[in-house]
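Dear colleague,

Please find below the structure that I am handing over to you. My notes on what was found in it follow directly after it.

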Amino acid sequence: MSGDGLVARRTDAGKVELGGKGKLAIVYAEGTIVDGDGNDEHTVYGDKVARQLRQLRLDDSVKAVVLRVNSPGGSASASEVIQREVRLTREKKPVIVSMGSLAASGGYWISTYGDHIFAEPSTITGSIGVFGMFPNVQGLANDKLGLTFDTVKTGKFADAATIVRPKTDEELALFQRMVDWIYEEFTGKVAESRKLDLAKVREIAQGRVWSGTEGKALGLVDEIGGLQDAIKYAAQKANLGDKFRVVELPRKKQFAEALSEALNEHRREQAVKGPFGVFIQQATAELQELTRYNDPQGIYARLPFNLNLQ
């Protein structure tokens with residue numbers, strides 16, 4: 001094991017041997033993409049993933065990187081922070097993308113500059129689109145709690161990011177221009193990275209969702225395959241042969257650790273029963289999801305819905 005959570009393991013594609021030619025790193029980007037740093041394993045923190053990629057870029061013993069993406073997207077700013085490190089890393093070593101069940105919006109944003117993109121046939125990808133979201137709690141604060149707010153400001157747009165009043169028409173127009181600009185940046189980056197005509201990208205963008213098979217036909221994906229296929233391809237591109245070490249970021253939990261956490265979570269869910277208990281659990285989950293909308297500009301490249309398989 002080396003610093004910042006790197007851990008070696010065996011895979012079908014490589015053997016852990018001291019005589020190997022180098023290391024191949026897998027970076028997992030699984031969950032909603034948010035701004036900043038943190039430790040929630042179901043969240044992709046922009047600064048954290050960028051730091052991990054930078055560490056791998058500067059580590060000469062790492063010969064290739066596989067970026068495993070399973071994300072509906074999220075913060076546009078955080079997606080751009082990660083994408084920048086993907087572009088810098090691929091200048092020094094191969095960066096291969098492996099899409100899981102979901103790699104859409106911001107999930108595609110961080111994938112598009114990979115040297116080669118693998119997707120499953122049923123992967124949900126594309127959703128090349130952008131939207132702005134600005135909460136307004138004035139009604140809740142005033143009508144429910146009896147709270148009012150007064151503001152002293154030095155310029156017309158000084159408090160444009162406030163959540164305690166509705167946006168003015170001028171502010172909405174300003175934010176719309178920002179959304180439009182980021183959308184143009186998104187489509188332009190896809191056209192450049194995938195070597196596609198911009199008009200074609202605009203046609204298949206517009207927030208439209210594609211399967212992995214459809215994405216391949218449209219040029220958004222290079223090849224249909226899973227994580228092991230991506231590992232083998234990356235090893236081949238880096239001339240690693242069949243003897244190399246695989247390291248993972250972040251560290252994957254051991255079975256006993258994951259089982260213990262699952263049992264503890266089950267006990268907590270069983271502690272509050274009945275319809276009210278179910279309501280509390282659902283409300284808590286929704287509130288936690290809202291905390292992930294933390295883009296500093298309020299602009300998001302994300303699926304506008306959550307998938308719940310039951």
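**Helix H8 and its surroundings**

In helix H8, which spans residues 227-237, the buried residues are Leu-227, Ala-230, Ile-231, Ala-234 and Ala-235. These residues lie on the same side of H8, because they cover an arc of only 135° around the axis. Please bear in mind that this is a predicted model. The buried residues of H8 pack against four strands: S2 (23-30), S5 (62-71), S7 (95-104) and S8 (116-119). After H8 comes Asn-239, which has a positive phi, near 55°.

**Aromatic rings**

A pair of aromatic rings is described by how far apart the centres are and by the angle between the planes. The model has three aromatic pairs. In one of them, the ring centres of Trp-109 and Phe-186 are 4.5 Å apart and the planes are at 35°; tilted is the class for angles from 30 to 60 degrees, so this pair is tilted. The pair links distant parts of the chain, as Trp-109 belongs to helix H3 (residues 106-109) and Phe-186 to helix H5 (residues 169-194), 77 residues apart. Are these two residues buried or exposed? Trp-109 has a relative accessibility of 3%, and therefore counts as buried. Phe-186 is also buried, with a relative accessible area of 1%.

Another ring has a charge as its partner: the charged end of Arg-87 sits over the ring of Tyr-113, 4.2 Å from the ring centre.

**Strand S14**

In a regular strand, the side chains alternate between the two faces of the sheet. Both faces of S14 are covered: Ile-299 and Ala-301 are buried on one side, and Tyr-300 and Arg-302 are buried on the other.

Which strands are joined to S14 by bridges? Strand S6 (residues 73-75) is joined to S14 by three bridges, and the two run antiparallel. Within this pairing, Gly-73 stands opposite Arg-302. Strand S10 (residues 131-132) also runs antiparallel to S14, with two bridges between them. Here Phe-131 has Tyr-300 as its bridge partner.

**The loop before S14**

Pro-296 is found in the loop between helix H10 (274-290) and strand S14 (299-302). Pro-296 counts as exposed because its relative accessibility is 52%, and the cut-off for exposed is over 50%. Leaving aside neighbours within four places in sequence, Pro-296 is in contact with Asp-35 and Ser-77. The C-alpha atoms of Pro-296 and Ser-75 are separated by 8.4 Å, although these residues are 221 residues apart along the chain.

Yours sincerely,
A colleague

Note on methods. Residues numbered from 1 in each chain as written. Predicted model: local features only at pLDDT ≥ 70, side-chain atom pairs only at ≥ 80, totals over all residues. Heavy atoms only, no water. Buried < 20%, exposed > 50% of the residue type's maximum accessible area, 1.4 Å probe, protein only. Contact = heavy atoms within 4.5 Å. Arc of directions from axis to C-beta. Phe/Tyr/Trp six-rings, centres within 6.5 Å; stacked < 30°, edge-to-face > 60°. Lys NZ or Arg CZ within 6 Å of the ring centre and 35° of its normal. Pairing = 2+ DSSP bridges.
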